[in-house]
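Thanks, everyone. I will show one model and then go through how its helices pack. Please hold questions until the end.

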Amino acid sequence: MERMETSSNLRQWSQEGPTSANSDLNLVNDRDYFPYQPKSLAGIATRSFCLGIAVTIGVGATVATLFYTSSSLWRLPFFLAALATFHFLEFWTTAAYNTRAADVKSFLLTANWPGYAIAHGFATLECLLTNAFWPNRAWAPFGSGTLLCLLGLALTVIGQVVRSVAMVQAGPSFNHLVQRQRSSAHVLVTSGIYGRFRHPSYFGFFWWALGTQMAMGNVVSFVAYAAVLWKFFSSRIKHEEEFLVKFFGQEYVDYRRRVGTKIPFVP
């Protein structure tokens, strides 16, 4: 279809002149921005609007529940706010610092589908059931529930900040997909936050996710998240670094030896 339309545009050029032909060719080039296309402006606006509503509801409900009730169910809107903030920042940082790569998928709303949705759905259900029916349960050893909850909140914030800063500093060198070929914009970033974490975006998400489950008091989900994420990132890092060594050679080998991942049992 695209070849036929292009041929038609060229025929029109001979009849209507270069201005009309250029206009038609621009429509072809701009097609990615039309509704239901990879860079759909309507799709981006809709997702941003919905995520903004989710953050507002989540933060508002969390604050209201904490101030006006003694219920531990504040954890549910907190999780909603954390999730919505994460997905919005995934797109925003990509759009701002790696603009050419930004598209609808940059929100990561359907990444690793349906496993991702199932994991968060199970975490929500566990939090709802345990805090609704057993709000006073001793889920943490030695009465450390409050301390672990605060630690979870801190890890959520730290994980989000580290991941977002990593995406900002890497700029065009960051991609949500493992790159099998080196692009002209791909450089090895070893300074800033990359001087402390070899894969700061993975470190950030790993601890962000575990932090949310600690804050929610989810014992089962915490263990499941830890196991699944560790397996996923340890495998992904090994796979990705095969290409990074191919791209950057000894420079990356030296960098890998010097800087760790800070993810448990992933050197």
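I'll start with one pair of helices. H4 and H5 are roughly antiparallel to each other, because their angle falls in the class over 145 degrees (under 35 is roughly parallel, 65 to 115 roughly perpendicular, and the rest oblique). The angle is about 160°, and the two axes are 10 Å apart. Axes here are lines fitted to C-alpha atoms, for helices over the stretch in contact, and angles run from 0 to 180 degrees between N-to-C directions. On the H4 side, Arg75, Leu76, Phe79, Leu83, Phe86 and His87 take part. They meet Tyr116, His120, Ala123, Thr124, Cys127, Leu128 and Asn131 of H5. Contact means heavy atoms within 4.5 Å.

Some housekeeping. This is a predicted model, in which local features need pLDDT of at least 70 and side-chain atom pairs count only at pLDDT 80 or more, while totals for chains, interfaces and linings use all residues. Residues are numbered from 1 along each chain as its sequence is written, and side-chain values use heavy atoms, with hydrogens and water left out.

Now the overall picture. The protein has nine helices and zero strands, so the string of elements from the N terminus reads α-α-α-α-α-α-α-α-α, where helices (H or I, at least four residues) and strands (E, at least two) are DSSP runs numbered from the N terminus. Of the 267 residues, 41% are buried. Buried means under 20% relative accessible area, exposed over 50%, and partly exposed in between, with a 1.4 Å probe and protein chains only. Among contacts with a separation of 6 or more, 73% are between residues 24 or more positions apart.

Back to H5. How does its length compare with what should be expected? H5 covers residues 115-133, and its 19 residues should span 27 Å at 1.5 Å a residue; the end C-alpha atoms are 27 Å apart, which agrees. The expected span is 1.5 Å times one less than the number of residues.

Which residues of H5 are buried? They are Tyr116, His120, Ala123, Glu126, Cys127, Thr130 and Asn131. Seen down the axis of H5, these fall within an arc of 120°, so they line one face of the helix. The arc is that of the directions from the helix axis to the C-beta atoms. On the face turned away from the buried side, H5 carries the exposed residues Ile118 and Phe133. The buried residues of H5 pack against three helices: H4 (75-97), H7 (200-216) and H8 (219-248).

The H8 partner next. The axes of H5 and H8 cross at roughly 160° and come within 9 Å. That makes H5 roughly antiparallel to H8. H5 brings Ala119, His120, Phe122, Ala123 and Glu126 to this contact, and H8 brings Val219, Val220, Ser221 and Tyr225.

H8 also packs against helix H9, residues 250-258, at an angle of about 130° with the axes 6 Å apart. H8 and H9 are therefore oblique to each other. Glu241, Leu244, Val245 and Phe248 of H8 make the contact with Gln250, Glu251, Tyr252, Val253 and Arg256 of H9.

On to H3, residues 41-68. Its 28 residues should span 40 Å at 1.5 Å a residue, and the end C-alpha atoms are 40 Å apart, which agrees. The buried residues of H3 are Gly43, Ile44, Leu51, Ala54, Gly58, Thr62 and Thr65, and they pack against H4.

Two residues of H4 are worth a look. Phenylalanine 78 is in helix H4. It counts as buried, at 13% relative accessibility. Leaving aside neighbours within four places in sequence, phenylalanine 78 is in contact with Gly58, Thr62, Leu153, Thr156, Thr212, Ala215 and Met216. Threonine 212 is 134 residues away from phenylalanine 78 in sequence, but their C-alpha atoms are 8.6 Å apart. Tryptophan 92 also lies in helix H4, and is partly exposed with a relative accessible area of 42%. Its C-alpha atom is separated by 8.6 Å from that of serine 106, 14 residues apart along the chain.

Last, the cysteines. How many disulfides does the structure hold? Zero, where a disulfide is a pair of cysteine sulfur atoms within 2.5 Å. Cysteine 149 is buried, with a relative accessible area of 7%. Its sulfur is 9.8 Å from the closest cysteine sulfur, in cysteine 127, too far for a bond. Cysteine 50, at 45% relative accessibility, counts as partly exposed.
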